[in-house]
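Let's take a look at a protein chain together. Have the sequence and the 3D view open as you read.

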Amino acid sequence: MLRQVTIAALVLAVAGCSQFRVPFRKPADPVAGAPMETVAAEPAAAVPSPTALTPEQFDTTTGEQRAAAAAAAPVSGESRLGTTIASLGDPADPGFWAETGLVSEVRQGRLEYPATGKSVAVELRPSGGAPGSGTRVSLPALRVLEAPLTDLPELVVYGG
């Protein structure tokens with residue numbers, strides 16, 4: 001009897017784990033004094049379903065949002081911040097973003113993947129790490145870049 005109760009409690013505990021998710025970050029406020037054309041005006045992507053399992057289910061961006069992020073031209077005053085080794089960030093955190101040690105404050109930027117020649121507009125977020133510590137990139141951004149989700153691609157980071 002004790003064994004059945006223990007097993008039942010374990011099953012309920014594991015089943016309850018699917019109800020917990022790391023809370024997503026709200027989009028940061030635009031940098032004070034930043035020109036309006038550098039602040040993305042698209043609506044935010046939805047938070048993925050708690051039952052999401054595949055990249056397609058986690059990527060809640062629309063086709064229009066992906067096209068706009070991919071078509072973003074270099075911003076006036078944009079500069080190359082450096083190269084970084086990227087990895088997949090939290091797939092439950094929606095939108096186009098990159099957490100990197102190459103910035104110390106939230107700002108708009110762009111990632112370029114030389115292997116495909118593709119680039120994507122992202123919100124650059126400070127990771128708190130050193131500039132050479134790597135970058136965590138959102139699932140939608142890696143998909144636009146056509147970068148492998150399970151590898152560590154080298155990306156070029158640009159910021160305005």
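What follows is a short tour, from the overall layout down to a few pairs of side chains.

## The overall layout

First, keep in mind that this is a predicted model. The chain has four helices and six strands. If you walk along the sequence, the order you meet them in is α-α-α-β-β-β-β-β-α-β.

How do the contacts spread along the sequence? Take the contacts between residues at least 6 apart in sequence: 75% of these join residues at least 24 apart.

## Inside and outside

The chain has 160 residues, and 32% of them count as buried. On the outside, the chain exposes about 9,400 Å². Carbon and sulfur atoms supply 61% of that exposed area.

## Arg 110 and its partners

Arg 110 is a good residue to click on. Its side chain forms a salt bridge with Glu 78, and the closest N and O atoms are 2.7 Å apart. Arg 110 belongs to strand β3 (residues 107-113), while Glu 78 is in the loop between α3 (63-71) and β1 (79-88), so this salt bridge ties together parts that are 32 residues apart in sequence.

Is Arg 110 buried or exposed? With a relative accessible area of 8%, Arg 110 is buried, because the cut-off for buried is under 20%. There's also a ring involved: the charged end of Arg 110 sits over the ring of Tyr 158, 4.3 Å from the ring's centre. As for rings pairing with each other, a search of the whole structure turns up zero aromatic pairs.

## More salt bridges

How many salt bridges are there in total? The count comes to eight. One of them joins the side chains of Lys 118 and Glu 146, at 3.4 Å from N to O. Lys 118 is in strand β4 (residues 118-126) and Glu 146 is in the loop between α4 (139-145) and β6 (154-159), so the pair ties together parts 28 residues apart in sequence. Lys 118 counts as partly exposed, at 33% relative accessibility, and Glu 146 counts as partly exposed too, at 49%.

Now look at Arg 125 and Glu 123, whose side chains meet in a salt bridge at 2.7 Å, N to O. Both Arg 125 and Glu 123 are buried. To finish, find Glu 56, Asp 59 and Arg 143: these three are linked in a network of salt bridges.

Key: Residues are numbered from 1 along each chain as its sequence is written. This is a predicted model: local features need pLDDT of at least 70, side-chain atom pairs count only at pLDDT 80 or more; totals for chains, interfaces and linings use all residues. Side-chain values use heavy atoms; hydrogens and water are left out. Helices (H or I, at least four residues) and strands (E, at least two) are DSSP runs, numbered from the N terminus. Buried means under 20% relative accessible area, exposed over 50%, partly exposed in between (1.4 Å probe, protein chains only). Contact means heavy atoms within 4.5 Å. Accessible areas come from the Shrake-Rupley method with a 1.4 Å probe; for residues, only the protein chains shown count as cover. Rings of Phe, Tyr and Trp (its six-membered ring) pair if their centres lie within 6.5 Å; planes under 30 degrees apart count as stacked, over 60 as edge-to-face and the rest as tilted. A charge sits over a ring if NZ of Lys or CZ of Arg is within 6 Å of the ring centre and within 35 degrees of the ring normal. A salt bridge is a side-chain nitrogen of Lys or Arg within 4 Å of a carboxyl oxygen of Asp or Glu.
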